[in-house]
Amino acid sequence: MTRRPTRTAGAVIVLLLALAAFLPLPAAAQHLLVPMDRPQSDHLKAYGLTYWVLERGETAEWFLNYRDGAFLLPDSEATRREAALRGVQAEPVDGAAVARIRARIQEGNMEAVPLETAPRIAIYTPPNAQPWDDAVTLALEYADIPYETVWDGEVLQGELDEFDWLHLHHEDFTGQYSKFFLAYSGSAWLQEEVARNEEMAARFGLDDVPTLKRTVAEEIRDYVEAGGFLFAMCSATETLDLALASHRTDISAAFANGRPPAPDATQQMDWSRAFAFQGAEVQTSPSVNAFSDIDFHQVNTANRRPLGSFRLFEFAAKIDPVASMLVQNHQAVISDFYGLTTSFRTDRLKPGVTILAQEGDRAKYVHGTLGEGTWTFYGGHDPEDPEHQIGDAPTNLELHPNSPGYRLILNNVLFPSARPAPLRTQ
Amino acid sequence: MRPTGRVTMPVLAVVTAVLAVPLGATVSPGSPDAYSPLEMLRGMVGPVSVQAVPAPHAASPPQSAAPDTVLPEPQAIPELLASGQDRARALAGIGARAEELSGRRATLWIQLLAVAEKGGPEAGALAARALLHADEGEPAEGAGLIRSELDTVPEADRPALLGLAAHLLDGPDPAEAAELRTRLLDLAPDASEAPEAALRLARYLAGPGEDRERAVELLEELIVSAPNHPVAPTARHMLTEIRRSP
């Protein structure tokens, strides 16, 4: 027998509903929506919150192009608490609201991407590096995303296999110490760097530091080819490819290995080994602080170009979710920032490379695949310190919680979480 | 006499303004960013006319000031508050006193304004007497006075008085100030004074040789219970710093 609600019961329900309207938050919504548009109080920590959810074994969703890349998290007391502690704005949403959002996503240039795992993150960085030497380290520290550091020893011992995501510190893989000999040859920190690298080369029975770095670059290439995610910034982008492409010639200055570079080094480059670039002219002069003509801005040379702004491309989220993930942002035009490698000449990019952001006729942010893995290169050193100099004070991200430039870094960190399931074949 | 509903919103404005003062920061009358207690007071008491007693930093008299209304001397304020007869004049006196002072002392008088506005006559009078001690360079005596007479004021007014007493002790006796804030939080964890008290207590407990774990607990409770409170960003920053430090 079905009992019909009495008038009293109805009044109680109305009263309860009225009371519920005054509660600060619904007692138990099904999800928490983390908006990533301008009202978000802390965009960078929102990535950390999502990572935290994944780390606990829960799943999340990334709503590409919906509210500038919102995250949908399962609602729980613990997640609300964590959001509050991190200062991240999160909105409780019930099933009906989520259904409405999904309908909008279905209709527009949007997509819902499941996030399933917390990637294991490694940062390639020298043992003595300070966190503020590297924008990715700063971003991960600020967003409270755990990571481990690796350097040449770990790479050469095959430890990259333990990680899903590898970030390269602004290393010079040509083994020329970023050509800092020009200006800092007497500095204790440079002498220490030289000694450390030479010791590492000797430990692995390699002739010199350029050989050491090229061997490490090859290991990184193998890691990506086998399915790893690589993210590089600043000079690591350009020099990684130069190291890979120079396996049959010598592009290093005499101060690095005791020999002058090969006179026909540019002609001997094998770009088939490189990730992103081809046809570049190698800068072999020890007195020019540049590696090649891949970088448009040439910050430390007489040909230095001024900074402008770069624009993120909008991709079809349903057709190209990977590129869409990498450009999620609340700001489409972002102020440029220098690095030893600031931007990439588009005529030096290989066919098939996806340009994610461009400034005039040069690319700032590019992406591609190699074997089973993917790589992303982002020019410049620190998105919130456009003219970063050695010895500058570290960037305090508490002053930039909504940094659009730093968001691009963190898009890459969560990107491996969305690795699609392998296609089932008969 | 209790405050009427007429002044509820101004009271909130004053409380918010007091809480919004950055911790450790001071109010400098005359600076472009300084807020004027007297101006706020004028907004609160509406038609009550006041005439500023000449003072180095006093604002010019309001246009509506009645010529025969003068602000009380600071020493007369406790009595005026206690009697309840001329409360508006007492409040105007507190505001004027705050304008005469600078730095932390001015902040204390602004806090007194909030106590006197929000609380009953006993609380206002007790707080005013305590501040007169502080004005004479005896903040610990002022705090002691509040401590010894706290039971004589209604329970609802005690958190504000404990908060004021703790402020008085921040310089001379931080440990005692921490004890008073602990008492405040035990007595009235939901009081409007609680978030700031929790933050200051956490800052003390995070110091060398104190209780870092308790500091972290306090900050977490504060942020989770009041994520949008004006002190919440400072609490988050402090929490990050504590966790980072070895």
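Where is the place of Q298(A) in chain A? I will come back to that residue properly towards the end, but the short reply is that Q298(A) belongs to the loop between α12 (265-268) and β10 of chain A. Before going further I should say that what we have on the screen is a predicted model, and I would ask you to hear everything that follows with that in mind.

Let me start with how chain A is divided. The domain assignment splits chain A into domain 1, residues 23-115, and domain 2, residues 121-418, and the C-alpha centres of these two domains lie 32 Å apart. Where they meet, 23 residues of domain 1 of chain A are in contact with 25 residues of domain 2 of chain A. On the domain 1 side, the elements that give two or more residues to this contact are α2, β2 and β5 of chain A, and α2(A) gives the most, with eight residues. As for the character of that side, its residues divide into eleven nonpolar, six polar and six charged.

Since α2(A) contributes so much there, let me stay with this helix for a moment. Helix α2(A) has 13 residues and reaches 19 Å from its first C-alpha to its last, which is close to the 18 Å expected at 1.5 Å a residue. Eleven of those 13 residues are buried, so the helix is largely enclosed by the rest of the structure; among the buried ones are H43(A), K45(A), Y47(A), Y51(A) and W52(A). After the helix comes G57(A), whose phi is positive, near 90 degrees.

Now to the sheet. Chain A has an open sheet of five strands, in the order β4-β1-β3-β2-β5, with antiparallel pairing. Its edge strands, each of which pairs on one side only, are β4 (91-93) and β5 (111-115) of chain A, and the twist from one strand to the next averages 30 degrees. Helix α2 (residues 43-55) of chain A packs on this sheet, where it touches β1 (31-34), β2, β3 (70-74) and β5 of chain A, and its direction makes about 35 degrees with that of β3(A). If you look at the pairing of β2 (residues 60-64) of chain A with β5(A), you will find five bridges in the antiparallel sense, and in that pair the bridge partner of F63(A) is A112(A).

A second set of strands deserves a look, this time around β10 (residues 309-312) of chain A. In a regular strand the side chains alternate between the two faces of the sheet. In β10(A), F310(A) and L312(A) make up a covered face, while S309(A) and R311(A) make up an uncovered one. This strand is joined by three bridges to β11 (residues 333-335) of chain A, and the two run antiparallel; β10(A) also pairs in the antiparallel sense with β13 (residues 354-359) of chain A, over two bridges. The residue to follow here is R311(A), which stands opposite V333(A) in β11(A) and has Q358(A) as its bridge partner in β13(A).

That brings me back to backbone angles. Most residues other than glycine have a negative phi, and most peptide bonds are trans. Q298(A), however, is a residue other than glycine with a positive phi, near 45 degrees, and with 20 C-beta neighbours inside 10 Å it counts as buried. S178(A) is not a glycine either, and has a positive phi of about 55 degrees; its place is in the loop between β8 (165-168) and α7 (181-184) of chain A, and S178(A) is buried, with 21 other C-beta atoms within 10 Å.

Finally, a few words on chain B. Chain B is divided into domain 1 (5-170) and domain 2 (193-246), and the contact between them takes seven residues from domain 1 of chain B and eight from domain 2 of chain B. On the domain 1 side, α1 (8-20) and α8 (158-169) of chain B each supply at least two residues, the largest share, four residues, coming from α8(B). That side divides into six nonpolar residues, one polar and no charged.

Between the chains, the contact takes seven residues from chain B and five residues from chain A. On the chain B side, α11 (212-225) and α12 (232-244) each supply at least two residues, and the residues of that side divide into four nonpolar, one polar and two charged.

Technical notes: Residues are numbered from 1 along each chain as its sequence is written. Chains are lettered from A and ligands numbered from 1 in the order in which they are written. This is a predicted model: local features need pLDDT of at least 70, side-chain atom pairs count only at pLDDT 80 or more; totals for chains, interfaces and linings use all residues. A residue is buried if 20 or more other C-beta atoms lie within 10 Å of its own, exposed if 12 or fewer, and partly exposed in between; C-beta atoms are placed from the backbone. Two strands pair if DSSP finds at least two bridges between them. Two residues are in contact if their C-beta atoms, placed from the backbone, lie within 7 Å. Ala, Val, Leu, Ile, Met, Phe, Trp, Tyr, Cys and Pro count as nonpolar, Asp, Glu, Lys and Arg as charged, and the others, Gly among them, as polar. Axes are lines fitted to C-alpha atoms, for helices over the stretch in contact, and angles run from 0 to 180 degrees between N-to-C directions. Domain bounds come from an automatic or database domain assignment. The expected span of a helix is 1.5 Å times one less than its number of residues.
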